[in-house]
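Me: I'd like to learn how to read a protein model, one feature at a time. Could you take me through this one?

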Amino acid sequence: IFFLDVAVLNELSKASQMAMSNISFIAKKISSKQMKKDLVAIYSQYSNILLQINQHFEKYGEIPDGISKHSEIASQCAIRTNLQFNKSDSHIAEMMIQGLQMGIIKAYKIINSNYDIEESTQKLLSTFLDFQKENIKKLNAYL
């Protein structure tokens, strides 16, 4: 059981870290003050989720995996390329929503696998999933 909880927590941790990295990168390229404000709020919420995830790791006496530099750079290159010709709020929202959808798919795959994980890990997974869905609703306003 312990191993599966740590594996699930690592997936949530990496997804949160990657989202924060991407938001940080994108925020520097946004001209809309309102969108930037919304992204900063989402970033802060990811930070809070990451804190909860790290508390779970501490409970297990484990340290979470970090995202690889290669993944981070590849993601930033894709964003840079994507924004080269279109930096509109609508396009940025669309990119963000696509990333959020990937996180939702990952979360549902874990949920549907019916892993024997602790209730606290399942709760964190649900919190993460709800947070992703909520962010899509916020970003839909920019489409």
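Reply: Happy to; we will go from the overall fold to single residues and then to charges. Keep in mind that this is a predicted model.

Me: Let's begin with the fold. How many helices and strands are there in the chain?

Reply: A good habit is to list the elements before looking at details. Here the chain has five helices and zero strands. Read from the N terminus, the order is α-α-α-α-α. The radius of gyration is 16 Å, close to the 15 Å that the globule rule gives for 143 residues, so the chain is as compact as a globular protein of that length.

Me: What does the C-alpha trace span along its principal axes?

Reply: The spans are about 50 × 30 × 25 Å. As for what is hidden inside, buried residues account for 40% of the 143 residues.

Me: How do I read burial for a single residue? Take phenylalanine 57: is it buried or exposed?

Reply: The idea is to look at relative accessible area, where under 20% means buried and over 50% means exposed. Phenylalanine 57 sits in helix α2, and it counts as buried because its relative accessibility is 1%. You can also use this residue to practise reading distances. Phenylalanine 57 and serine 71 are 14 residues apart along the chain, and 22 Å separates their C-alpha atoms.

Me: And asparagine 135, where is that one?

Reply: Asparagine 135 belongs to helix α5. Its relative accessibility is 1%, so asparagine 135 counts as buried. Between asparagine 135 and glycine 61, which are 74 residues apart along the chain, the C-alpha separation is 31 Å.

Me: Now the loops. Which residue that is not a glycine has a positive phi?

Reply: First the general idea: most residues other than glycine have a negative phi. In this model, asparagine 114 has a positive phi of about 50°. Asparagine 114 is found in the loop between α4 (89-112) and α5 (119-140). With a relative accessibility of 65%, asparagine 114 counts as exposed.

Me: Is there another residue worth a look in that loop?

Reply: Try serine 113, which is also placed in the loop between α4 and α5. Serine 113 is partly exposed, with a relative accessible area of 36%. In sequence, serine 113 and phenylalanine 3 are 110 residues apart, while in space their C-alpha atoms are 15 Å apart.

Me: Let's turn to charges. How many salt bridges does the structure hold?

Reply: Here is the general idea: side chains of opposite charge can pair when their charged atoms come close. This structure holds four salt bridges. One of them joins the side chains of lysine 14 and glutamate 11, at 3.8 Å from N to O. These two residues are three apart in helix α1, so about one helical turn separates lysine 14 from glutamate 11. Lysine 14 is partly exposed at 27% relative accessible area, and glutamate 11 is partly exposed at 26%.

Me: Which lysine outside that pair also meets glutamate 11 in a salt bridge?

Reply: That is lysine 106, whose side chain meets glutamate 11 at 3.3 Å, N to O. Lysine 106 lies in helix α4 and glutamate 11 in helix α1, so this pair ties together parts that are 95 residues apart in sequence. Lysine 106 counts as partly exposed, at 37% relative accessibility. Put together, Glu11, Lys14 and Lys106 form a network of salt bridges.

Me: What about the salt bridge between lysine 69 and glutamate 72: what is its N to O distance?

Reply: It is 3.1 Å. Lysine 69 and glutamate 72 are three residues apart in helix α3 (residues 69-83), so they too are separated by about one helical turn. Lysine 69 counts as exposed at 58% relative accessibility, whereas glutamate 72 counts as buried at 17%.

Me: Last one: which residues gather in a patch of positive charge on the surface?

Reply: To read a patch, look for surface side chains of like charge that lie together and make no salt bridge. Here the patch consists of Lys28, Lys29, Arg80 and Lys87. Lysine 28 is placed in the loop between α1 (2-27) and α2 (33-60). At 67% relative accessibility, lysine 28 counts as exposed.

How values were computed:
Residues numbered from 1 in each chain as written. Predicted model: local features only at pLDDT ≥ 70, side-chain atom pairs only at ≥ 80, totals over all residues. Heavy atoms only, no water. Patch = residues over 30% accessible without salt bridge, like charges linked within 9 Å, V, L, I, M, F, W, Y side chains within 5 Å. Areas by Shrake-Rupley, 256 points an atom, 1.4 Å probe, with all protein chains shown as cover. Lys, Arg positive; Asp, Glu negative; His and termini not counted. Charge placed at Lys NZ, Arg CZ, Asp CG, Glu CD. Helix = DSSP H or I, 4+ residues; strand = E, 2+ residues; numbered from the N terminus. Buried < 20%, exposed > 50% of the residue type's maximum accessible area, 1.4 Å probe, protein only. Rg over C-alpha atoms; globule rule 2.2 N^0.38 Å.
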